[in-house]
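Q: I have a model open and want to learn how to read its sheet and its pockets. Where do we start?

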Amino acid sequence: MEDATPVAPARGGHDAAQRVLDRAVREGGVPGILAQVRDRGGNWFGTAGVADTRTRRSRGHEDRFRVGSITKTFTATVLLQLVAEGRLTLRDTVEQWLPGVVTGNGHDGTTITVRQLLDHTSGIFSHTHDQAALSTQESYTPAELVGIAVSHPADFPAGTGWAYSNTNYVLAGMIVERVTGRTLTDEIADRLARPLGLTGTSLPPGTDPALPRPHARHYTKLFSPDPDAPVHDVTELETTPYWAAGGMISTVADLTRFFSALLGGRLLRPEQQRELLTMVPTRDWVPRATYGLGVSRVMLPSGTAVWGMGGAIFGSWSYVYGTRDGTHMLAVNINADWVTGRWEDPIGIFNELLEAEFSYGCALGFASP
């Protein structure tokens with residue numbers, strides 16, 4: 001179904017969603033999971049499991065967590081606001097704003113546009129594919145991350161394919177800073193976090209590894225598929241390798257508020273809103289997904305379309321999706337980067353939550369999530 005009409009939850013409220021949370025802990029083996037739904041009826045919070053496996057403290061609705069690639073939506077929104085202000089265009093090339101930065105091994109900043117950065121059609125190699133290079137020092141500058149990327153061959157000539165690249169958004173963040181003369185941290189705070197009252201949302205400045213309280217502990221198996229892989233506590237994490245592509249911190253309430261405002265057209269002018277939601281096909285990414293400018297559209301197995309973004313970083317996996325108009329949103333976080341049982345990864349759990357909230361059959365009680 002294209003852009004499915006919002007459907008109210010079943011008469012039992014969000015019981016179906018809570019059952020998915022409980023199964024994620026009981027059957028999926030995740031330490032803890034937290035979700036919030038924002039719709040015309042108000043806000044609902046659900047939790048299961050623990051924030052800290054040592055103290056057994058429960059997860060709380062005010063928990064801060066690292067949001068990974070949901071950061072991209074904030075970066076794209078700031079850049080689109082600058083476009084609306086006439087300070088640059090989506091047709092501008094990377095070379096115009098960052099001369100000499102993207103060159104070599106088939107990378108050519110004179111042919112790559114700002115739009116191609118934001119919708120991942122630039123062909124720029126993703127620096128995060130080279131984990132060896134990201135293990136040679138304690139922190140990295142954005143320019144160093146781009147240097148890692150262009151030391152590899154480009155994925156394809158700009159505009160001829162699609163490949164998810166974190167380097168695209170590092171460059172987008174660099175362009176924001178070049179255009180404004182201010183840090184991306186300050187631009188996100190002044191343009192988005194403060195006006196919307198996102199008190200738990202920030203892009204950490206510099207090399208600060210801290211996670212503000214209250215927060216859940218973050219646990220990782222380093223994305224190992226081995227169910228017996230050792231678990232590491234990465235609550236303190238130096239995130240300069242991810243920065244504008246994946247370094248932000250937020251809460252479920254802040255994420256649903258931000259996406260409700262963004263999809264509801266309250267942050268961008270109509271022309272930029274259309275650009276935001278102009279989708280291109282994806283490849284080797286989230287199943288049944290298309291990608292806009294920092295926002296994706298996912299078709300659930302039931303055929304319902306939802307809009308938003310997801311993110312994974314060591315010790316934290318998050319999703320925030322909902323209706324295209326932003327009136328019904330769900331945000332969820334797992335304080336781990338693995339799941340066991342019948343799910344291949346946390347996306348399977350997230351899809352079941354989205355089905356519980358948005359699919360017609362589940363919402364009317366005709367199907368179990």
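A: Start with one strand pair. This is a predicted model. Strand β11 (residues 296-299) and strand β12 (residues 305-313) run antiparallel, and four bridges join them. Take Ser296: its bridge partner in β12 is Gly308.

Q: In what order do the eight strands of the open sheet lie?

A: Read across the sheet, not along the chain. The order is β2-β1-β14-β13-β12-β11-β10-β9, with antiparallel pairing.

Q: Which strands stand at the edges?

A: β2 (42-49) and β9 (280-281) do. Each has a single partner strand, so one side of each has no neighbour in the sheet.

Q: Which helix packs on the sheet?

A: Helix α11 (residues 346-358) does. It touches β1 (32-39), β12, β13 (316-322) and β14 (329-334). The direction of α11 makes about 25° with that of β13.

Q: Now the pockets. How is empty space found?

A: A probe the size of a water molecule is rolled over the atoms, and this shows where space is left empty. Here the largest pocket holds about 1,200 Å³. It is lined by 46 residues, and the closest to its centre are Phe223, Trp285, Ala312, Trp317 and Ile347.

Q: Which element supplies the largest share of that lining?

A: β12, with five residues. α8 (243-246), β13 and α11 are among the elements that each give at least two. By class, the lining has 22 nonpolar, 14 polar and ten charged residues.

Q: What about the second largest pocket?

A: Its space is about 280 Å³. Of its 17 lining residues, Pro204, Pro205, Gly206, Thr240 and Trp243 are the closest to the centre. Helix α7 (residues 184-196) gives the largest share, three residues.

How values were computed:
Residues are numbered from 1 along each chain as its sequence is written. This is a predicted model: local features need pLDDT of at least 70, side-chain atom pairs count only at pLDDT 80 or more; totals for chains, interfaces and linings use all residues. Side-chain values use heavy atoms; hydrogens and water are left out. Two strands pair if DSSP finds at least two bridges between them. Contact means heavy atoms within 4.5 Å. Axes are lines fitted to C-alpha atoms, for helices over the stretch in contact, and angles run from 0 to 180 degrees between N-to-C directions. On a 1 Å grid over the protein atoms alone, a cavity is a set of points where a 1.4 Å probe fits but cannot get out, and a pocket is an open set with protein on both sides within 12 Å along at least five of seven lines; lining residues have an atom within 4 Å of a point. Grid points are joined across faces, edges and corners, and a volume is the space filled by probe spheres set on the points. Ala, Val, Leu, Ile, Met, Phe, Trp, Tyr, Cys and Pro count as nonpolar, Asp, Glu, Lys and Arg as charged, and the others, Gly among them, as polar.
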